[in-house]
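Trainee: Could we go through this one together? I would like to start with the sheet and then turn to the salt bridges.

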Amino acid sequence: MEYDYESFKQNIYKLTNINLSLYKERQMKRRIESLMQRNGYNDFKDYYQALRSDEKLLRAFVSYLTINVSEFYRNPGQWELFEQKIIPYLTKEYGPRLNIWSAACSTGDEPYTIAMILAKHFPLSQIHIYATDIDEDVLKYAKEGFYLTRSLERLPKQFLNEHFVKKEKGYQISENIKSCVEFRKHNLLEDKYPSGMHMIVCRNVVIYFTDEAKDQVYQGFNKSLVKDGILFIGSTEQIIHAKEMGFYVADSFFYQKM
């Protein structure tokens, strides 16, 4: 029997618990083929065997697969809306101790951005953000909290001055802000979702998923949120059938649980 992309997907699922069938196939297959060639492999069978035997190669594969592109204060207008409208709403509804989940948080830029914005309004002792990603390497990077200057270009100077220390090749985030964020490994397409969330932030992630997988994730988020909780998505995303998923539009890129 010929070993093809379908066989590769099945084996990768067994090896990593990542279901490639839930990603847009043409786009993902092209990315994997490009990575294979870059590493000197011409067919899926040889590449899979190499991934099985080489942990470093496997970790690089998972990191490449999960498309870790992030930066602080990405799309500033959305963060301004979060601070000016969403935080007052959440505080009025649920009080100052909010359960916020940054899903698919990548290198930590997003949950740390949330923490710094909340720190303008609440004592640090009241801020706790649950941040998750499937990639253990980016979670390790996030926990270290050291960032190159380019990832901080959009960050307001106030945040940079208050919460970072300049180093030779970049900036180190303060221990005070780091202590507000709890990082954990989590697979959006496989693992159980946390409950009792007042807000979930998941931006520019589900665009890589199939429509079936998107619905699965949005339904999971809906169950994870408390009544009238908020889902914050990315500027490249839209929930087409929001009502069917249990949401209505609260504002641009913000959805409220029905």
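Trainee: In what order do the seven strands form the open sheet?

Mentor: Happy to help, and first a word on the source: this is a predicted model, where local features need pLDDT of at least 70 and side-chain atom pairs count only at pLDDT 80 or more, while totals for chains, interfaces and linings use all residues. Residues are numbered from 1 along each chain as its sequence is written, and side-chain values use heavy atoms, with hydrogens and water left out. Strands are DSSP E runs of at least two residues and helices are H or I runs of at least four, numbered from the N terminus; two strands pair if DSSP finds at least two bridges between them. The pairing here is mixed, and the order is 6-2-1-7-8-10-9.

Trainee: Which strands stand at the edges?

Mentor: Look for strands with a single partner strand, since one side of each is then left without a neighbour in the sheet. The two are strand 6 (181-185) and strand 9 (247-251).

Trainee: How do strand 9 and strand 10 run, parallel or antiparallel, and which residue stands opposite Asp251?

Mentor: Four bridges join strand 9 to strand 10 (residues 254-257), and the two run antiparallel. Opposite Asp251, in strand 10, stands Phe254.

Trainee: At what angle does helix 7 run to strand 6?

Mentor: Helix 7 (residues 136-144) lies across strand 2 (128-133) as well as strand 6. Axes are lines fitted to C-alpha atoms, for helices over the stretch in contact (heavy atoms within 4.5 Å), and angles run from 0 to 180 degrees between N-to-C directions. For helix 7 and strand 6 the angle is about 165°.

Trainee: Which residue forms a salt bridge with Arg59, and how far apart in sequence are the parts that the pair ties together?

Mentor: A salt bridge is a side-chain nitrogen of Lys or Arg within 4 Å of a carboxyl oxygen of Asp or Glu. For Arg59 the partner is Asp137, with the closest N and O atoms 2.4 Å apart. Arg59 lies in helix 4 (residues 55-65) and Asp137 in helix 7, so the parts tied together are separated in sequence by 78 residues.

Trainee: Glu83 and Lys120 also meet in a salt bridge; is Glu83 buried or exposed?

Mentor: Buried means under 20% relative accessible area, exposed over 50%, and partly exposed in between (1.4 Å probe, protein chains only). Lys120 is partly exposed at 38%. Glu83 has 14% relative accessibility, so it counts as buried.
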